[in-house]
Structures are given as C-alpha cells and as structure tokens.
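I opened the model to look up a helix contact, the cysteines and the confidence values. My notes follow in that order.

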Amino acid sequence: MPANLTPNYLKAEQWFKTAAANEEKILALEEMLRTLPKHKGTEKIQAELRRKLSHFKDAATSQKKAGTHSDIFHIPKGGAGQVVLLGTPNSGKSSIAAAMTNAKVNVASFPFSTITPVPGMVEFEDIKIQLVDMPPITAEVVAPGQVGTYRNCDIIAIVIDLSSDVDEQLKVCLDFLESRNLLIDEVTAAKDEEGNALGKKAFCICTKSDIAMPGALEHLKEICKYPFEFVPIAAEEFEGLEELSRKMFELLEIIRIYAKPPGKPADMKDPFTIPIGSTVMDLATHIHRDMAESLKSARKWGTGVHDGQQVQRTHVLSDKDIIELHFP
C-alpha cells in the first residue's frame, strides 16, 4: 500500500535532515509523526520514526546527565520579552543591536562578522526588552544549533536591507523559517509534546531606508506572502529606532502594572509585565505564586475605575494600571 506522504510530512522530513542539534531533531521527528498519514501502508515508517525519536531522546537525556554540553545558542530570556534578529550577511543586524543596546557587537562591512548570539537590552519607556544579534544565514550556511535560539524566543525580527536585493533576502529568510516550522501557521498548527505552538510571531525590520532602492519597501510588502508588519529604519542615523522599540513592545502583547504596597506610594519605576488580558489573580500569581490563592482583595488606580476602587480577582487589567493587593 502506498504511503501517500503529505507535503507537510515531507517538509518536516527536510527539517529533520537539516537539523544539527538533538533537540531540533526531536521536534522534527515529532512533527513527522504528527503529519504522517496513519494507515497500514505507513506502519513501518511509524515504527522507524518512533525508534529514531526514542534514540534521540535517550541521547539528549544522557547528554544532560553528563553535564558536558554547553550550548552557545541557548540565550536565557531577560527583560520583558526576547526579540531575536534574523537576516542575511550585511543586512544591518549588528548595526541595529549597536544603536539600540549596550551589547558589544561587531559592526563590520564584511559578512559573518557575528559568529555567536549577542544579547543586549533595548529601553522602551520604563521597561527593557532583550534584543539578540545572531550570525547571518544564507541559502547554504546556517550555524549549527542556531535554530534553537529562534525556537525559544518570543518574536523573530527579519532584517531586510532595502538598498540590496530584497527578493533574495526575503526568500532566504522565509525558506529558513518555513523549512523548520518557525513561523506561526494557522493551517498546520504545528505543536510540541506540551501543546505549545512551534511557530513564532515575526515582523520585518527594513534597514538602510535612507539609501533604499526606489520603491524597495513597497515591493517588499507586495512580494511577502505573510501579513508581517514592516518598520523602516536607518540605524546608523538613528532614524526609526523609537518606532522600532515601540513596535517590539506592541508585538510582545504585554502590559505594565505598577505595584502599590498598602499604605505606601506605588513603585512607578519598575513595573511588572504580564500578558494582555491578564486579571488581578494573574498578577498576584505572577508576583507570588504561593500567596496568590490567599489574595483577599485588590484596589486599582487606572483605566475604567475611580482611584482606589476595589476590584474583583477576575478584573481584567490595562497597561499602566496601579494595583494594590491585600493578603490576610
């Protein structure tokens, strides 16, 4: 009986073949199993995939127990969210990081000047957002383990140089993202074992807007098949960087909440950041998980209430609300 392998399965199979790290191979195998048609003709394929999956999971476990593996591409998240740059050589990634953060990046006119991830912090009003510069990619070259950084981030920022061939740059970046299921796909809805979406939200940073080819930005928007947001900047001239930091904040879909201890002024310098749509109870859990269940009451200063009004646990919070939590 023919296997009748689907395009999504073949896509996952290609992902497995190009994967470098064990963790990535595991994700690719899981996706192959998920998209493989289940019938008598694929029983041997299913068995072989499960055997491989077991092998790589055992290897990953052994590696963790040995404690000898150091993954340079694992960047712990910091700040209110993590945005990771993706682009071809000399697209302007390092210039963005240098202009917006204090990270020690290597800005050079030659390709592949960045060989490891370089994290830094972008300041947006009263919060910090982590921005990670990355080695460039080409159609032939991707640094081993690089996919893991994109897999674990919050947002992928595709960097396109408007003064160069935007068609080729976009093709390379989208081929990389699509072949590894790194973009949110509402159709296939690829997920890991815990049910988390494999894909990430993405947008485009369009560099060198001051020396862009005529009509380059409009052309880029026309050829892109995804509804990305496009932010034109000129990093070396510091043009568009404020809008870029604001766009990062908006795409993270978070709100800032200022805590007010009972009887004391609110802390207006270091807000908590929580997802849009979060409730008073969500905030309490974020602040102190063990004490959240004992939350007695809460007062709010901010959107839609009188100053100091008492609100329920289920009350949905808004950006820049001030909240006073009361525990027994």
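I looked first at where two helices meet, and found Ile96, Ala99 and Met100 of H4 in contact with Leu241, Leu244, Ser245 and Met248 of H8, contact being heavy atoms within 4.5 Å and helices being DSSP runs of H or I with at least four residues, numbered, like strands (E, at least two), from the N terminus. By type, the residues of this contact are six nonpolar, one polar and no charged, where Ala, Val, Leu, Ile, Met, Phe, Trp, Tyr, Cys and Pro count as nonpolar, Asp, Glu, Lys and Arg as charged, and the others, Gly among them, as polar.

I then took the axes of H4 (residues 93-100) and H8 (residues 241-252), which come within 11 Å and cross at roughly 90°.

I noted for the record that this is a predicted model, in which local features need pLDDT of at least 70, side-chain atom pairs count only at pLDDT 80 or more, and totals for chains, interfaces and linings use all residues. Residues are numbered from 1 along each chain as its sequence is written, and side-chain values use heavy atoms, with hydrogens and water left out.

I searched for disulfides (pairs of cysteine sulfur atoms within 2.5 Å) and the count came to zero. Cys204 is in none, the nearest cysteine sulfur being that of Cys224, 5.5 Å away.

I closed with pLDDT, the predictor's confidence in each residue from 0 to 100: the mean for the protein is 86, and 88% of its residues reach 70 or more. Confidence is lowest in helix H1 (residues 7-18), at a mean of 75, and highest in strand S4 (residues 155-161), at 97.

Methods: Axes fitted to C-alpha atoms, helices over the stretch in contact; angles between N-to-C directions.
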